[in-house]
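Below is a short note for a colleague who is new to this entry. The points are numbered and can be taken in order.

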Amino acid sequence: MSHPAPNQGLIRDYELPTPEPDSPFRPRKPYRFGTLCATVDNPDQKDQYGSSSVPIYQTSTFKGVDGQYDYTRSGNPTRSHLEHHIAKISSAGHAFAVSSGMAALDVILRLLKPGDEVIAGDDLYGGTNRLLTYLKTHGGVVVHHVDTTNPVNLHKYIKAGKTAMVLLESPTNPLLKIADLATIADQVKQRAPDALVVVDNTMMSPYLQRPLEYGADIVYDSATKYLSGHHDLMAGVITCNDDDLAKQIAFIINSIGNALTPFDCFLLLRGVKTLAIRMDRQQTSAMSVATMLDRLGFKVHYPGLTSHPGREIHERNADGYGAVLSFTTGDKALSERIVGATRLWGISVSFGCVNSLISLPCVMSHASIDAALRAERGLPEDLIRLCVGIEDPVDLIDDLEHALLEAGAITVSAGADQHQFVRATVPRGGASISRAVEKLAYNEHSARKKEDREWFVSAPGKVILFGEHAVVHGVTAIAGAVGLRCYGLSSPRHDGKVALSLMDLGNFSHEWVLDDLPWDAVTSIGVGDPHPDALDQRLVDAIQQRGLPLNIDQNAQAKAAAVAFLYLYMVMTHGGERPSFSFAVRSTLPVGAGLGSSASFSTCAATALLLLHQRISLPPLPEPSRTPDEHDPGHVHVSHEGRRALPRQVAEEVNHWTFVAEKILHGNPSGVDNSVAVYGGALAYTRPGFGRKSGMEGIQGFKSFRFLLTDSRVSRDTKKLVAGVTAKKLAEPAVVEHILDSIQSISNEARRALGDAELPRDALLSALAALIRENHAHLVALGVSHPVLEAIRTQAAAEPYGLSTKLTGAGGGGCAVTLIPDDVKDDVLHALVEGLTSSGYRPYLTSVGGSGLGVLSPYDPANYAVASSKREDADQQPSLREAFEAKGIEELTGWAEQRGRWLYV
Ligand SMILES: N[C@@H](CCSC[C@H](N)C(=O)O)C(=O)O
């Protein structure tokens with residue numbers, strides 16, 4: 001048998017039936033595979049009307065006695081056509097179509113008796129493993145799992161009279177290991193002649209591999225995959241040559257009744273016609289994807305790569321390398337981020353579809369194998385499986401590169417053009433090369449003078465625009481950065497102390513003597529290394545027990561903030577440096593109102609600490625494109641209001657540490673609040689585990705708009721409200737599911753509108769107003785509104801305002817948001833604000849969708865000038881810190897903005 005490289009024509013003489021007779025003048029060659037696939041023709045089953053497509057015999061019974069068919073479970077003409085066609089393309093004497101790939105395996109395994117022994121691979125599909133385990137525990141069958149890459153490994157288990165079946169996958173799912181099918185079949189037959197060699201051929205399909213040609217007795221495919229190709233049906237096919245075996249299989253299928261329905265037979269026949277053409281395209285693209293990942297230095301499992309240990313054997317087994325591959329990243333969390341960051345690759349189990357899929361086998365297709373067994377069998381938890389579809393390979397690679405980049409698995413190589421990526425992972429602890437480079441850079445510069453300067457930082461709060469409550473049940477929520485912000489100012493001191501002052505967040509202040517902190521409990525994190533997923537509970541406990549002033553116990557908010565602050569400070573400390581400074585925090589955000597005040601605090605604290613510990617540094621200002629002179633300040637390439645002046649790596653590092661602080665403050669944060677606080681703008685978030693693409697995605701092109709945020713001043717119990725919705729869902733599942741579906745549509749619509757650069761602004765605002773009203777009505781139906789929220793809504797909706805309002809966050813009190821269209825006049829707005837204030841609420845005129853993390857530029861000394869002027873006596877100008885602490889809350893934002901140029905993410 002010849003073995004052409006994939007996609008080089010695949011022209012070979014198949015010993016397959018040719019549906020037309022030879023002519024004595026021009027002998028016909030057998031048709032090639034693609035032609036066989038497309039030509040559905042059964043000379044024994046001619047259609048009475050000559051229909052081009054096989055008709056669907058959608059009937060359960062057939063009239064008469066003694067006819068060819070009596071009952072569709074036993075036989076059906078549409079199914080006969082399909083089975084004939086499958087046999088034809090599989091080099092098989094017999095084919096059977098059943099309701100799924102697992103149903104096919106079930107039929108085959110019913111050939112076994114108690115006491116029989118089965119040899120199966122150690123890397124195999126999770127469902128197969130599950131069924132074998134079931135037979136082991138319920139059917140008295142003995143199952144041995146062995147590494148099938150070397151036929152010798154099977155020898156000690158092959159026992160004449162005992163071994164009844166050898167079950168092989170090649171390539172295996174999901175590690176793409178290769179078994180030498182011909183050699184194994186031959187050796188099994190020599191040692192245990194009665195044993196059946198069964199091959200799961202799903203990953204290859206009959207186009208690329210026909211194991212019956214190598215001595216297999218039975219071959220089965222999950223036809224849900226390549227044979228059908230479109231993920232619109234479930235089916236399994238079984239093929240064999242032996243007539244007796246075929247009789248037994250037909251008996252089992254008829255007895256248990258899992259034959260494929262006529263309609264699905266029709267769909268499958270339609271899919272099979274394009275098998276060759278789909279597979280050609282898919283495997284060519286798979287090779288490009290595998291090569292790209294291999295070049296980047298990932299461990300890639302794909303038999304087409306020259307580095308694959310089974311490549312040569314695979315080329316003996318098959319005519320192509322297929323379109324499934326898998327790779328590891330060295331870090332499970334990184335793999336999860338990659339999977340979540342793709343857009344074109346659908347996160348889904350299965351393969352063989354025209355659309356490309358990405359999955360994490362350990363939590364998806366192979367989740368039924370328990371974690372310990374997975375580890376024992378060498379199935380890596382960080383494994384990502386890719387199933388390449390027919391999309392344009394350039395888009396597929398582009399999307400994957402974006403995901404790898406976004407997840408931090410690769411980085412743009414320094415000095416290279418923008419499309420040159422390099423792997424960013426080093427083996428230990430999942431730290432990345434980019435981090436290692438930062439580390440080197442840090443070490444290089446560690447000789448530089450310790451910075452003894454102030455840092456003024458700020459971060460926004462967040463508001464949930466759509467999808468609160470529903471998000472808990474897997475619906476997408478849209479959250480945006482709100483114009484109200486938290487500000488932090490660090491000022492150096494030289495007395496071996498660190499001070500924290502939380503003026504608007506629990507009104508707490510305290511100074512610690514650095515040497516008195518519980519350093520014995522600290523394991524510091526190396527510069528550039530990430531904080532592990534879990535908090536260091538020993539340190540948290542030590543801070544709580546030995547690091548806090550006694551009076552803090554009555555102030556839960558301040559206590560949590562102080563623990564988070566000290567925790568970050570201590571684990572970031574390295575090289576014996578313990579910076580001494582005061583950190584003053586102000587916030588214009590109401591606390592406990594669901595507006596992310598803790599995340600904005602955490603962002604400020606993390607940023608200041610990272611700067612003080614010199615773990616991040618700000619990039620130098622870009623060169624002005626126009627040289628400044630005395631009349632012209634020059635033009636600096638900093639986009640709108642300094643946005644994007646803080647590089648992505650800085651934002652990522654801050655976000656990472658902010659999340660650590662959020663864990664201390666909240667236990668199990670979703671990551672939404674910190675991401676909004678750091679990146680600003682707006683994002684869509686979907687919880688994992690509900691069958692939707694999960695994760696967080698920034699909404700590009702989000703336009704900032706005005707909002708009135710009204711704090712009802714009624715406190716609520718978020719946990720109770722969330723539990724209430726869950727209870728309602730249990731009590732009235734249909735009603736609540738309907739509401740959740742409607743909220744998902746609202747979020748989808750809002751996301752589309754917010755990211756649509758073409759949508760005129762007035763159309764966007766009126767669409768948002770309608771969606772706000774609709775979403776609020778659903779929240780009322782879920783029972784999470786409150787009379788005060790309804791009163792605020794009514795007040796804003798009344799003439800002359802006519803504005804749309806919804807509750808935001810948990811409801812039951814808390815805050816309401818009112819959209820302010822651009823044409824609402826200031827005096828009208830002020831009248832509304834006054835009205836709400838006199839009703840006892842606290843309204844804030846603000847915006848949504850603005851900047852994320854900001855740092856007052858250190859490049860213009862004038863920005864921090866008030867601070868740097870040494871105060872000889874009390875008459876002198878107040879320091880920046882004094883001014884900061886003295887400002888009234890209403891003037892804080894305006895005052896901060898006037899300090900100078902802010903650099904934003
Ligand atoms: N929840 C399903 C998972 C099906 S995985 C399907 C396919 N064979 C694959 O490898 O992706 C189950 O538990 O069976």
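1. Helix H19 covers residues 648–666, and its length can be checked against its residue count. At 1.5 Å a residue, its 19 residues should span 27 Å (the expected span is 1.5 Å times one less than the number of residues). The end C-alpha atoms are 25 Å apart, which agrees. After H19 comes Gly667, with a positive phi near 80 degrees. Helices here are DSSP runs of H or I with at least four residues, strands are runs of E with at least two, and both are numbered from the N terminus.

2. The model is predicted: local features need pLDDT of at least 70 and side-chain atom pairs count only at pLDDT 80 or more, while totals for chains, interfaces and linings use all residues. Residues are numbered from 1 along each chain as its sequence is written.

3. The chain has 28 helices and 29 strands. Of its 905 residues, 48% are buried (20 or more other C-beta atoms within 10 Å of the residue's own; 12 or fewer is exposed, and in between is partly exposed; C-beta atoms are placed from the backbone). Of the contacts between residues at least 6 apart in sequence, 72% join residues at least 24 apart (a contact is two C-beta atoms, placed from the backbone, within 7 Å).

4. The largest nonpolar core has 129 residues (a core is a set of buried Ala, Val, Leu, Ile, Met, Phe, Trp, Tyr and Cys residues joined through C-beta atoms within 7 Å). Helix H17 (residues 556–572) gives the most to this core, with 14 residues. Tyr567 is among the residues with the most contacts inside the core, as are Ala479, Ala564, Leu568 and Ala605. Apart from neighbours within four places in sequence, Tyr567 is in contact with Leu539, Val540, Ile543 and Ile664. A second, separate core has 121 residues, including Phe96, Ala103, Leu175 and Met203.

5. An open sheet of 5 strands runs in the order S8-S9-S12-S11-S10, with mixed pairing (two strands pair if DSSP finds at least two bridges between them). Its edge strands are S8 (299–301) and S10 (346–347), each pairing on one side only. S8 and S9 are antiparallel over 3 bridges, and Lys299 has Thr328 in S9 as its bridge partner.

6. Which strands pair with S12 in the antiparallel sense? S9 (residues 324–328) does, over 4 bridges, and S11 (residues 357–359) does, over 3 bridges. Opposite Ile384 in S12 stands Phe327, and opposite Arg385 stands Ser359.

7. In a regular strand the side chains alternate between the two faces of the sheet. Strand S12 (residues 384–387) has both faces covered: Ile384 and Leu386 are buried on one side, Arg385 and Cys387 on the other. Helix H10 (residues 275–295) lies across S8, S9 and S12, at about 10 degrees to S9 (axes are lines fitted to C-alpha atoms, for helices over the stretch in contact; angles run from 0 to 180 degrees between N-to-C directions).

8. Is Gln190, in helix H6 (residues 181–191), buried or exposed? Gln190 counts as exposed because it has 10 C-beta neighbours inside 10 Å. Its C-alpha atom is 9.2 Å from that of Ala160, which is 30 residues away along the chain.

9. An unreviewed UniProt entry annotates residues 575–614 as "domain: GHMP kinase N-terminal". UniProt positions are given in the numbering used here, feature names are shortened, and annotations may be inferred rather than shown by experiment. In the model, the end C-alpha atoms of residues 575–614 lie 11 Å apart, and the span is 40% helix and 18% strand.
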